[in-house]
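The following report goes through one protein model, beginning with a single pairing detail and then widening to the fold, the sheet and the interior. Please keep the sequence and the structure in view while reading.

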Amino acid sequence: MEVLAFTLGQEEYGIDIQKVQELRGYDTVTRIANAPEHIKGVVNLRGIIVPIIDMRIKFNLGTPTYDQFTVVIILNLASRVMGMVVDSVSDVITLTPEQIKPAPEMGSVLDTAYLIGLGTLDERMLILVDLDKLMSSSEMGLIEKLAVGTP
């Protein structure tokens, strides 16, 4: 499994590289009225309206700051394009099945339903996020409505 490694706060996460369309710097977004706080708004990406989700807010990791290291990962999920704001992106890592451990139950900190497991590589540990489950949850259905512009 090839994963794109990125950081949120002190933790390192990984997502399936095949779902990544491109990486961009953080630009200002157009806010959407009444959207949840973690949905920063939308951007126009070459004619496509792309909802932008701040993962630090989504995972309740403190107040986000936006600087030259902030990256927006543009994802292509089931023919839906969306952006995910992260603190920084480090590299692409290939993990073997033996390097992926099941996610421990972590209580209310992070819903483990969104996790594939933990990827271990030497001294590093990546929290592997299942983007399809995360982005298809009920609240993310709201994103689809926002992107299409329906009430």
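Which residue in β5 is the bridge partner of N44?

## A pairing between two strands

In this predicted model, the residue of β5 that bridges to N44 is I49. More broadly, β4 and β5 (residues 48-54) run antiparallel to each other and are paired over six bridges.

## Overall architecture

The protein chain contains three helices and 11 strands, and their succession along the sequence reads β-β-β-β-β-α-β-β-β-β-β-β-α-α. Of its 151 residues, 45% count as buried, while the exposed surface of the chain comes to about 8100 Å², with carbon and sulfur atoms supplying 52% of that area. Among contacts with a separation of 6 or more, 54% are made by residues that lie 24 or more positions apart.

## The five-stranded sheet

Five strands make up an open sheet of mixed pairing, arranged in the order β3-β6-β7-β5-β4. Because β3 (20-25) and β4 (39-45) stand at the edges with a single partner strand each, one side of each is left without a neighbour in the sheet. On average, and with direction ignored, neighbouring strands of this sheet are turned by 30 degrees against each other.

## Nonpolar cores

The largest nonpolar core comprises 24 residues, and those with the most contacts inside it are I15, M55, I73, L75, M84 and M135. At least two residues of this core come from each of β1 (2-8), β2 (11-16), β6 (71-77), β7, β10 (115-121), β11 (124-129) and α2 (131-135), with β6 giving the most, namely four residues. A second core of nine residues, separate from this one, includes V29, V43, V50 and I74.

L75 illustrates the contacts around one member of the largest core: leaving aside neighbours within four places in sequence, L75 touches I15, K19, V20, Q21, R80, V81, M82, M84, L131 and M135.

## A buried aspartate in a loop

D87 is found in the loop between β7 (80-86) and β8 (88-94). Is this residue buried or exposed, given its relative accessible area? D87 counts as buried, because its relative accessible area is 19% and the cut-off for burial is under 20%.

The side chain of D87 is joined to that of R56 by a polar contact of 2.3 Å. Apart from neighbours within four places in sequence, the residues in contact with D87 are T7, L8, G9, R56, F69, T70 and V71.

Key
Residues numbered from 1 in each chain as written. Predicted model: local features only at pLDDT ≥ 70, side-chain atom pairs only at ≥ 80, totals over all residues. Heavy atoms only, no water. Buried < 20%, exposed > 50% of the residue type's maximum accessible area, 1.4 Å probe, protein only. Contact = heavy atoms within 4.5 Å. Areas by Shrake-Rupley, 256 points an atom, 1.4 Å probe, with all protein chains shown as cover. Polar contact = N/O pair within 3.5 Å; in protein donor to acceptor, adjacent residues only side chain to side chain. Core = buried A, V, L, I, M, F, W, Y, C linked by side-chain atoms within 4.5 Å. Pairing = 2+ DSSP bridges. Axes fitted to C-alpha atoms, helices over the stretch in contact; angles between N-to-C directions.
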